[in-house]
Amino acid sequence: MLRRAGQSLCHFLLEKNSGAGRSWCSREAKMSRPVQARRLEGIDKNIWVEFVKLAATYSKVNLGQGFPDFPAPEFLTEAFSRALGGGNHMLHQYTRAFGHPPLVKVLAQFFEKLLGRDLDPMTNVMVTVGAYQALFCCFQALVDEGDEVIIIEPFFDCYEPMVKMAGGTPVFVPLRPNPPKDGKLMSSADWQLDPAELASKFSERTKAIVLNSPNNPLGKVFSREELGLIAGLCVKHDVLCISDEVYEWLVYDGKQHIRIASLQGMWERTVIIGSAGKTFSATGWKVGWVVGPDRLLKHLRTVHQNSVYHCATIAQEAVAQGFQRELMLYGKPESYFVQLPKELQQKRDWLVRSLDGVGMKPIIPEGTYFLVADISQFKSDVPDVPNSDEPYDHRFAKWMVKNKGLAAIPLSAFYSEAHKNSYTNFIRFCFAKEEATLKAANDILQKWKQEKTSS
Amino acid sequence: MPFRHKNTRRIEGLDSNVWVEFTKVAADPSIVNLGQGLPDISPPSYVKEELAKVAAVDRLNQYTRGFGHPSLVKALSQVYEKVCGRKIDPLTDILVTVGAYGSLFSTIQALIEEGDEVIIIEPFYDCYEPMVKMAGAKPVFIPLRCKNDGNSASSADWVLDPAELASKFNSKTKAIILNTPHNPIGKVFTREELQVIADLCIKHDTLCISDEVYEWLVYKGNKHIKIAMLPGMWERTVTIGSAGKTYSVTGWKLGWSIGPEYLIKHLQVVHQNTLYTCPTPLQEALAQAFWTDYRRMDDPDCYFYSLSRELESKRDRMAQLLKEAGLKPVIPDGGYFMIVDVSTLNVDLSDVDEKQPYDYKFVKWMIASKKLSAIPLSAFCGPETKKQFEKYIRFCFIKKDSTLDAAEVILKNWNKQTG
């Protein structure tokens, strides 16, 4: 076989021109237009690519990326094995594009209970490749060039690039911390929207607001009043609500997750997003869904059928069985949706004590499996670099993983470019981890504290 | 206040879909379904076993690397290095996607935009047109034409007119989409035919999106050639493959794009902003299956070759049955579809007053009266060419013996009943 025989001028030029990237060479050297589409402008950077690599290289204890290091529940993995062993080899073939029938049926049944309304599994539910793809379908289906989309900061980082890729303009509104006056530790509930500020963000170009409750990274569980405020503005301005509720089951201290779609005037303008990965601690299965009115979901279906079309069958089959079990056990102590938050609340409290014990100030999350802590007292180890465009917490997190082997994510990762320097003394920890992992994290922190006090 | 929230411009007119229409109709279990490209044969047992094994490994139920599970991209790079005879970097030259469908989407979203033209060869796998439109670009069609003035015995009879093809290229042409082996006709483009396309790509500095999902399914006397391996083409080609078609596991929805780093990196940006990662357990099982076959790539028992042999005899059987029923099949050189000229049957459907092309009406009639389903070929054509192809329907033959037996009964009895 002729290997690389007859290498064209093109090959030669490319090898000399490494790293240029924007245009590809032409034998006639006439090409000057860029090869990539303009929709990719400004969305190529991604915090996870950098931090996942750092964690993989340096971390001894990884409390960074949000996934459990404990196993998915047995009833779920058993459902997967049963489906495979059942002899129905057609589970290896395409299923219904908008969602495997057993799964959309049980999701409709489940959410009928939760929302108190009738749902048609074929038109009010669609299955997606994780909640991530559900978000993508929402923006592509509903956000046009020139539309504004309100995003509450801090936010799960993909909202901003997805809005931009759809040609929309993100408009940010911050949660602002109101620390308790008695010097107690802050709660995620102390981070609040200013109602007047929020109202000012709505314009006639506002297409949608993205709500994430329980909120990643803070762990805030929006109260009925807070949701009422948002709902009122949505109805007044005829704005859609993209409601990312992937952590819906992870709420603590007896708090309740309230679905904004159940508020007056909201069902017809809300798309609810959910995730099997978070619900069943199986992030690698990438099964998510949307629930909403047909007049919105039909457009998501159009995007879906023109982008991925089908989701993998077997994982959907197993998740359907998981939900069937939960439907039967709903509200009972053996329900995974009761047990998981109970377990995670203990881990949360453990990590809170651990961080508080060494002088990092945790903000106690009301929900999710994330916790944000104030690292101001640890600043001394990582010097301030004036005029650096890398926010302090970014440098701190990198230093910490490289020097202490403990991985976490800087809070500035969850802010827009313009606001990256708003809060630079916070980092996010994930506590969906085995006891041994949390103990190991504590050991690192204790040792670090001792080094500081003895130096 | 009237509801102002309509669909975005990018999806205007893209809501209808041939599959939504025909898979519903054929879902009736009493109908012998040779329509959608869905194998009803079992995937090989070692493939199913690999998936069963991964279910027991905890960490495989959590997120893996976004651009592709490490063991999978490694296996893909090894297999394709052997096939292509060139180094392929698993981390920069490969992206794992949700099916080949996801690869097509990522490629088009990454590299195509408003103002671009994209050449699509007709008939085409139906998603190419809406995906190009969703990216804001203009599809430019060119049909395969039958050499022998309508008398086609083989997929090789369907060819592009080089002058006609050349006339479709201009300064706005961003890419051409190539599909070989071809769905629906089953054509396997020859080296000479690929060279004509390559020469035009190089001359006009155009990209090539090469959909090669049926790459292993080529029948005796034919060879699958990768256009990316022609001189000057690696740097401008994204080659797409599919686990679903390679291993008869369409429901795993795993595919991949392979190409030079400076193109693949843009696909990776799209991927990280659309779904981020593909499912872990399926990728791990697929990687193991690939290792098994990589080790025996010089062995005729390798699934890449054994599946092809199995399908060749099904192809021949299908063709025979169709001929006996008075139909004119076009024997495919590759893939698992066969198109058939049904005009010889002279089924009069002029009383069916639906404004659909003849083949749509024929298939609906055939489903209702013969309990046999297929897909109308005009679903795979642009507006100008529908008339040219409306006498053809497409059958899928990656079906178990009992399904083909049931089809045989229907076809043998075809002439005994009057329509």
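**Close-up views of the A–B interface and the chain A sheet**

**View 1. Polar contacts and a salt bridge between chain A and chain B.** Between chain A and chain B, 43 residue pairs are in polar contact, both residues at pLDDT 80 or more, a polar contact being a pair of N or O atoms within 3.5 Å, where within protein one must be able to donate a hydrogen and the other to accept it, and residues adjacent in sequence count only if both atoms are side-chain atoms. The model is predicted, so local features need pLDDT of at least 70 and side-chain atom pairs pLDDT 80 or more, whereas totals for chains, interfaces and linings use all residues. Residues are numbered from 1 along each chain as its sequence is written, chains are lettered from A in the order in which they are written, and side-chain values use heavy atoms, with hydrogens and water left out. The rule finds two salt bridges across this interface (a side-chain nitrogen of Lys or Arg within 4 Å of a carboxyl oxygen of Asp or Glu), and one of them joins A:R38 to B:E113 at 3.5 Å, N to O.

**View 2. The extent of the interface.** Chain A brings 94 residues to the contact and chain B brings 89, with contact meaning heavy atoms within 4.5 Å. About 7700 Å² is buried between the two chains, 53% of it from carbon and sulfur atoms (accessible area, 1.4 Å probe, lost on being put together and summed over both parts).

**View 3. The open sheet of chain A.** Seven strands of chain A lie in the order β2-β10-β9-β8-β7-β3-β4 with mixed pairing, where strands are DSSP E runs of at least two residues, numbered from the N terminus, and pairing needs at least two bridges. The edge strands, each pairing on one side only, are β2 (125-128) and β4 (169-174) of chain A.

Methods:
Helices (H or I, at least four residues) and strands (E, at least two) are DSSP runs, numbered from the N terminus.
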